[in-house]
Amino acid sequence: MSTPKLVYVTTIRTTPAKLWEALTNPDFIQQYWFGCRHTSTWKEGEAIESRDPDGDLAWQGKILKCVPEQEVVFTFGHIGFGEPPSRVTFKIDLANEGPGLMQLTITHDDFQEVSPVRDRVSNGWPSIIAGIKSLLETGSVEEKAGCPETHATASASH
């Protein structure tokens, strides 16, 4: 039986280069990802890790695919849950709605059948996506409290 995957699609008024920077630059990421910083060389086979505002490791993974300004795929091994890593894909495409618009598709999949990690991240992705969009379109993002990967309470979903 396949497990549910999380898929989010949004349109952002920006360029591929600026969207790529927002997805891969730790200083940019920290502004919309609840104060967390992701670090990586963004090369296939290399590590990626996320640290919360206190510097504690929240999750880690490995870059599976990286095509600058187009797509990055990585494993997502959440610390402290004892389940195998899931997978995150960021895909950047030109949007059909008009010039100057990019479509960002985020897919989070490869969860185990019963996954507290899936339940937890499903609560965080909408805020992260709204933050990316706001930051790129307006230059600012609403202040976020704490990294949900380490501080939020998981909810049950059936």
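Leaving aside its neighbours within four places in sequence, which residues is Trp20 in contact with? In this predicted model, the partners of Trp20 are Cys66, Val67, Pro68, Glu69, Gln70, Glu71, Val72 and Ile92. Trp20 belongs to helix α1. With a relative accessible area of 12%, the Trp20 residue is buried, because the cut-off for that class is under 20%. A further pair worth a look on screen is Trp20 and Lys91, which are separated by 71 residues in sequence, yet their C-alpha atoms are 9.7 Å apart in space.

To place this residue in its setting, it helps to step back to the whole chain. The chain holds four helices and seven strands, and reading along the sequence gives the pattern β-α-α-β-β-β-β-β-β-α-α. Of the 158 residues in the chain, 43% are buried. The accessible surface comes to about 8000 Å², and carbon and sulfur atoms account for 50% of that surface. Among contacts between residues at least 6 apart in sequence, 49% link residues at least 24 apart.

The seven strands form an open sheet in the order β1-β7-β6-β5-β4-β3-β2, and their pairing is antiparallel. At the edges are β1 (6-13) and β2 (37-40), each of which pairs on one side only. From one strand to the next, the twist averages 20 degrees. Strands of a sheet pair through backbone hydrogen bonds, either parallel or antiparallel. One pairing to follow by eye is that of β3 (residues 47-51) with β4 (residues 57-67), where five bridges join the two antiparallel strands. Here Ser50 stands opposite Trp59 in β4.

Two helices can then be set against the sheet. Helix α1 (residues 16-24), the home of Trp20, lies across β1, β4, β5 (71-78), β6 (86-94) and β7. Relative to β6, helix α1 runs at about 160 degrees. Helix α3 (residues 116-138) lies across β1, β5, β6 and β7, and its angle to β1 is about 5 degrees.

Strand β7 (residues 101-109) offers a second residue to inspect, Thr107. Is Thr107 buried or exposed? Thr107 counts as buried because its relative accessibility is 16%, and the class requires a value under 20%. Not counting residues up to four places away in sequence, Thr107 touches Lys5, Leu6, Val7, Arg87, Val88 and Thr89. In the sheet order, β7 sits between β1 and β6.

Terms used. Residues numbered from 1 in each chain as written. Predicted model: local features only at pLDDT ≥ 70, side-chain atom pairs only at ≥ 80, totals over all residues. Heavy atoms only, no water. Buried < 20%, exposed > 50% of the residue type's maximum accessible area, 1.4 Å probe, protein only. Contact = heavy atoms within 4.5 Å. Areas by Shrake-Rupley, 256 points an atom, 1.4 Å probe, with all protein chains shown as cover. Pairing = 2+ DSSP bridges. Axes fitted to C-alpha atoms, helices over the stretch in contact; angles between N-to-C directions.
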